[in-house]
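I opened this entry to keep track of what I looked up, in the order I looked it up.

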Amino acid sequence: MKTRSAQINPGVSSKQRGIVPRLLQLVGLLVFAVAGVVVATAALASSRQLTTPQASQSTSIPHVKCVIGLENIKPNTKGTLSLLPTGLEFATGKNKVDISTASIEDIFTGQESRQDVSGPAGTLAKAAIPYGGGRIVSLFSHKVEVLTVEYVDSNGGFHGTVFVLSSGKATVLKDQLVAQGAKVTPHVEPQEQKP
Amino acid sequence: MKPRTRAAFLSNFSIAVGAAALLMAASLLAKPSPPGKPGSAPQQAKKLTASAIQLERTDPPEDLLIPEDTRVATYENVILQLTKTKKFQHVYRSGDRTAADVPDLVILRLIPQAFKQGSQKQREVTTVTGATSIKVTIQFASRDGKILREKIVEGKVRFYGENLRATSDLAKKVAALVNDTF
């Protein structure tokens, strides 16, 4: 009897030995994948923060998102926002739009947060991470500044444009525009928007 | 089965079928006619006509604080959506001097009623909280100040997307209302 049980048990333990390493391998891969995503998002956020002080000295700011409000520019288009002696200029690969300083009626700045992984592709990627891992990725965000410029066209029609810039750049641009002669009315600043 | 029992069963069955048919007929007759049919004419608003529309900018009440980027994004999104409806020959902006010559101009006002600042992070992490919403009264008026139509509309972003997406949602609802009205 003892001999039989000794013959059966090694078979069972070898099966268990085969499953345990596989499980460990799978868990390891999962942890590695989640860690990879976390490291990538953190690196992205830190690189954005590092570029901020260098670009704020320049009057030409690349990678600015025009959320809405410019003629012939589609909403959420990225381009370069430049401060010219005559006013603001937003340029994409194809189009260029100017807002003259004289036409500016008001300028607002505000702080917001943006998700590090966003957009349709980012949302899909987050949804694809198992066990709700996408929610952990959603915790990573970076600060941005929103520049809202209100201006009038040649007929007196009201226009408003919303730009999203890296943190610290909108205030510099606003100050430079005010120095050029752009109108700014005193207003109550709303509380910082939640991310 | 005995012949008498069979006859009773058949008569009961025919009564049941008849009753069911009567009930179905009654339910069909009692069903209200869908909107748009001549029977519901008093409820349906008469369509308006205008060659041009001007979107006026309205300040929110003093106790309602709306971020300026949200107000501007709402305004510009509504202008985009009004143009997309192709119901008007011209969509004028607030303060446009050329609108003064248009005889049948309709003025559209967006009067802010409520605003709730949500959080994109909260939305994406919890999926049930952090919604951003903006509620406005949409008012169509004639040049002499007569209010032609008024409705409260709310724009929201509940799950995914930035807070400003609520303004795009609102603008689409305004466009739907314009399509219903004109």
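I began with the sheet of chain A, in a model that is predicted. Seven strands make up this open sheet, and their order is β4-β3-β2-β1-β7-β6-β5. I noted the pairing as antiparallel. The edges are held by β4 and β5 (104-115) of chain A; each has a single partner strand, so one side of each has no neighbour in the sheet. From one strand to the next, I found a twist that averages 30°.

Next I looked at one edge. β5(A) pairs with β6 (residues 141-152) of chain A in the antiparallel sense, over eleven bridges. I looked up Gly110(A) and found that its bridge partner in β6(A) is Val146(A).

Then I asked which helices pack on the sheet. Helix α4 (residues 169-180) of chain A does, touching β1 (60-68), β2 (77-84), β5, β6 and β7 (158-166) of chain A. The direction of α4(A) makes about 25° with that of β6(A). From the other chain, α2(B) also packs on the sheet, where it touches β1, β5, β6 and β7 of chain A. For α2(B) I noted an angle of about 125° with the direction of β7(A).

I stayed with α2(B) and checked its length. Helix α2 of chain B has 18 residues (68-85), which at 1.5 Å a residue should span 26 Å; the end C-alpha atoms are 26 Å apart, so the two agree. Is the helix mostly enclosed or open? I found 14 of the 18 residues buried, so α2(B) is largely enclosed by the rest of the structure. After the helix comes Lys86(B), with a positive phi near 60°.

I turned to the contact between the chains. Here 26 residues of chain B are in contact with 28 residues of chain A. On the chain B side, α2, β2 (90-93) and α3 (120-126) each supply at least two residues. The most comes from α2(B), with seven residues. By class, I noted nine nonpolar, eight polar and nine charged residues on that side of chain B.

Last, I looked up Thr92(A), which sits in the loop between β3 (87-91) and β4 (96-100) of chain A. Thr92(A) has 16 C-beta neighbours inside 10 Å and therefore counts as partly exposed; the cut-off for buried is 20 or more. Leaving out residues up to four places away in sequence, Thr92(A) touches Ile73(A), Thr77(A) and Gly79(A). Ile104(A) is twelve residues from Thr92(A) along the chain, and their C-alpha atoms are separated by 21 Å.

Notes: Residues numbered from 1 in each chain as written. Chains lettered and ligands numbered in written order. Predicted model: local features only at pLDDT ≥ 70, side-chain atom pairs only at ≥ 80, totals over all residues. Helix = DSSP H or I, 4+ residues; strand = E, 2+ residues; numbered from the N terminus. Expected span 1.5 Å × (residues − 1). Buried ≥ 20, exposed ≤ 12 C-beta atoms within 10 Å, placed from the backbone. Contact = placed C-beta atoms within 7 Å. Pairing = 2+ DSSP bridges. Axes fitted to C-alpha atoms, helices over the stretch in contact; angles between N-to-C directions. Nonpolar A, V, L, I, M, F, W, Y, C, P; charged D, E, K, R; others polar.
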